[in-house]
Amino acid sequence: MASILITGGTGLIGWCAAEALVEQGHRVVVYDLKPNIANIAHFGERVTVVSGDVTDLPKLLHVMRQNAVDHVLHLAAFITDQAKLDPAGAFKVNAVGSANIFDAALALDVRRVVWTSSVVALGVGSGYDGTPVDEDYATVSRSPYGASKWGCEVIADGYRDLGLDVVGIRPALSYGLGRLTGGTGVFNNAIREAALGRATGIMASPSGLHQPMYNRDMAGLLIEAMLGPKTEHAIFNVPAEHDYSDTEILEIVRRLCPGVAVHTDPVPAYIPAIPLVDGGRARREIAYTPRYRLEDGIREMVDAFRREGG
Ligand SMILES: NC(=O)c1ccc[n+]([C@@H]2O[C@H](COP(=O)([O-])OP(=O)(O)OC[C@H]3O[C@@H](n4cnc5c(N)ncnc54)[C@H](O)[C@@H]3O)[C@@H](O)[C@H]2O)c1
C-alpha cells in the first residue's frame with residue numbers, strides 16, 4: 001500500500017484518481033486550495049482532505065511528513081481561463097507551485113512524482129504543417145497558461161537531474177464529470193446541455209482534431225505512470241484513443257441525444273492554437289490502455305446528467 005498525496009485532488013481528473021487509488025487499497029491525501037466536496041462526497045472517510053495551497057511550501061512539507069507520503073500526483077493548477085485573467089497567478093501557481101512539490105518530494109525522499117503539463121505548453125510556429133508532433137517538438141506557447149506549463153517542464157528536468165523521479169503527462173481534452181467551466185469544462189457543459197435536451201454548441205478543436213481522454217482513463221494513465229515500472233523518459237504527450245474531427249463529435253452527441261440541435265462553436269479566445277500530438281512514446285512506455293472510447297465517455301456523462309436533471 002502506498003501513501004499518495006494528490007494535489008488538486010478534487011478537480012476533474014483528481015477525483016477520478018483519488019477514487020481509483022482508494023479502490024486499489026492505497027492511502028490517499030487530497031490537497032486542494034478549494035476542495036470541491038461535491039466531486040468526492042461519495043468517498044466518505046476513505047480519503048483525507050486537506051485545504052491547502054501548493055505555493056505554501058511549509059504546509060506541503062508538514063502534510064507530506066505527517067502522512068508519510070511516498071508518491072505524489074501533482075494536478076493542482078491555474079487553468080486556461082483563469083490564466084488569461086491573471087497571468088502572474090498562472091506562473092505563481094503552476095511554476096512556483098510545481099517547484100515546491102518537486103522540492104518537497106526531493107527533500108522527503110518521495111519515490112516518484114507524476115504531474116500534469118498540457119498540450120497547451122506547445123505553441124504553433126509558422127512552419128507547423130498540421131502533422132502530429134512528438135516530444136522533441138520544442139515550440140513554446142506564448143499563452144500564460146501554456147508558457148507556465150512549459151516552465152514546469154523545464155523545472156521538472158532540473159529536479160530530475162538532482163535525482164528526483166519525476167514524470168509529466170501532457171493531457172489535451174481530458175473531459176468528464178466534475179467541472180463545467182474553463183476549457184474542458186466548456187466541453188463538459190455542452191454535453192450537459194445536450195443531455196438535458198437543450199440546443200448547444202461543442203467547441204471546435206484548437207488543433208484541428210480533438211485528442212480526448214476520459215477523465216477516468218486519464219487517472220488510470222497517471223496512476224500507471226506513478227506506480228508502474230520506471231519510464232525511460234520524463235515527459236509524455238497524451239496517448240489519445242483516437243483523433244476526432246468536430247463533425248465526428250457532433251455525430252456522437254446527436255446519436256446519444258437524438259433530436260437536440262448541436263453545432264460547432266469557435267474555440268474560446270483563452271485557448272491558443274496547439275499542434276496535434278503523437279502519443280506513441282506513452283503507448284510504448286506506460287502500460288495503460290484507455291477503457292473508454294469518446295462515445296462511451298460521453299454516454300456515461302449523458303446518463304449522469306439526465307439522472308441529476310436540471
Ligand atoms: N482537463 C483537461 O482537459 C486538462 C488538459 C490539459 C492539462 N490539464 C492539467 O491537468 C491537471 C488537472 O486538471 P483538471 O481538469 O482536473 O483541473 P481542475 O481545475 O478541475 O482541478 C484542479 C484543482 O486544483 C485546485 N487548485 C488550484 N489552485 C491550487 C493551488 N494553488 N493549490 C492547491 N490546489 C489548487 C483547484 O481547486 C482544483 O480542484 C491540471 O494541472 C491541468 O492543467 C488538464
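Q: Is Ile271 buried or exposed, and how is that decided?

A: The general idea is a cut-off: a residue counts as buried when its relative accessible area is under 20%. In this predicted model, Ile271 has a relative accessibility of 12% and therefore counts as buried.

Q: Where does Ile271 lie, and which residues is it in contact with?

A: Ile271 belongs to the loop between strand 9 and helix 10. Setting aside its neighbours within four places in sequence, Ile271 is in contact with Gly183, Met203 and Pro206. A separation in space can be read beside these contacts: the C-alpha atoms of Ile271 and Pro58 are 33 Å from each other, and the two residues are 213 residues apart along the chain.

Q: Where does Val277 lie, and is this residue buried or exposed?

A: Val277 is found in the loop between strand 9 (262-265) and helix 10 (280-285). Its relative accessibility is 4%, so Val277 counts as buried. When neighbours within four places in sequence are left aside, Val277 is in contact with Val119, Leu122, Pro132, Val133, Gln211, Asn237 and Val238. From Val277 to Met64, C-alpha to C-alpha, the separation is 34 Å, with their positions 213 residues apart along the chain.

Q: What does Ile252 show about a buried residue in a helix?

A: Ile252 is part of helix 9, which covers residues 246-256. With a relative accessible area of 4%, Ile252 is buried. Not counting residues up to four places away in sequence, Ile252 touches Tyr244, Leu294, Glu295 and Ile298. For Ile298, the C-alpha separation from Ile252 is 8.2 Å, while the two are 46 residues apart along the chain.

Q: Why do the buried residues of helix 3 line one face?

A: The general idea comes from the geometry of the helix. An α-helix has 3.6 residues a turn, so residues three or four places apart point the same way. In helix 3, residues 57-66, the buried residues are Leu60, Leu61, Val63 and Met64. Viewed down the axis of helix 3, these buried residues fall within an arc of 170°, so they line one face of the helix. On the other side of helix 3, the exposed residues are Pro58, Arg65 and Gln66.

Q: What do the buried residues of helix 3 pack against?

A: Their partners are four strands and a helix: strand 1 (3-7), strand 2 (27-32), strand 3 (48-51), strand 4 (71-74) and helix 5 (87-107).

Q: How are the start of helix 3 and the residue that follows the helix to be read?

A: At the start, one looks for a side chain that reaches a backbone nitrogen. Here a side-chain oxygen of Asp56 comes within 3.2 Å of the backbone nitrogen of Lys59. After the helix, one looks at the backbone angle phi. Helix 3 is followed by Ala68, which has a positive phi, near 45°.

Q: Where do Ala68 and Asp109 lie, and what is phi in each?

A: Both are residues other than glycine with a positive phi, near 45° in Ala68 and near 55° in Asp109. Ala68 is placed in the loop between helix 3 and strand 4. Asp109 is in the loop between helix 5 and strand 5 (112-116). Ala68 is exposed, with a relative accessible area of 55%, and Asp109 is exposed at 65%. Asp109 is 34 Å from Pro212, C-alpha to C-alpha, and the two are 103 residues apart in sequence.

Q: Which residues come nearest to the ligand, and how does its shell divide?

A: A ligand site can be read first through the residues around it. Here there are 27 such residues, and Asp32, Tyr145, Ser174, Arg179 and Thr184 come nearest. By type, the shell holds 13 nonpolar, 9 polar and 5 charged residues.

Q: Which N or O atoms of the protein lie 2.8 Å or 3.0 Å from atoms of the ligand?

A: Here one reads pairs of atoms. A nitrogen atom of the ligand is 3.0 Å from a backbone N or O atom of Leu33. In the side chain of Asp53, an N or O atom lies 2.8 Å from a nitrogen atom of the ligand. The side chain of Lys149 has an N or O atom 2.8 Å from an oxygen atom of the ligand. As for cover, the ligand has 830 Å² of accessible area on its own, and the protein covers 92% of that area.

Conventions:
Residues are numbered from 1 along each chain as its sequence is written. This is a predicted model: local features need pLDDT of at least 70, side-chain atom pairs count only at pLDDT 80 or more; totals for chains, interfaces and linings use all residues. Side-chain values use heavy atoms; hydrogens and water are left out. A residue is near a molecule or strand if one of its heavy atoms lies within 4 Å of it. A polar contact is a pair of N or O atoms within 3.5 Å; within protein, one must be able to donate a hydrogen and the other to accept it, and residues adjacent in sequence count only if both atoms are side-chain atoms. Accessible areas come from the Shrake-Rupley method with a 1.4 Å probe; for residues, only the protein chains shown count as cover. Ala, Val, Leu, Ile, Met, Phe, Trp, Tyr, Cys and Pro count as nonpolar, Asp, Glu, Lys and Arg as charged, and the others, Gly among them, as polar. Buried means under 20% relative accessible area, exposed over 50%, partly exposed in between (1.4 Å probe, protein chains only). Helices (H or I, at least four residues) and strands (E, at least two) are DSSP runs, numbered from the N terminus. The arc is that of the directions from the helix axis to the C-beta atoms. Contact means heavy atoms within 4.5 Å.
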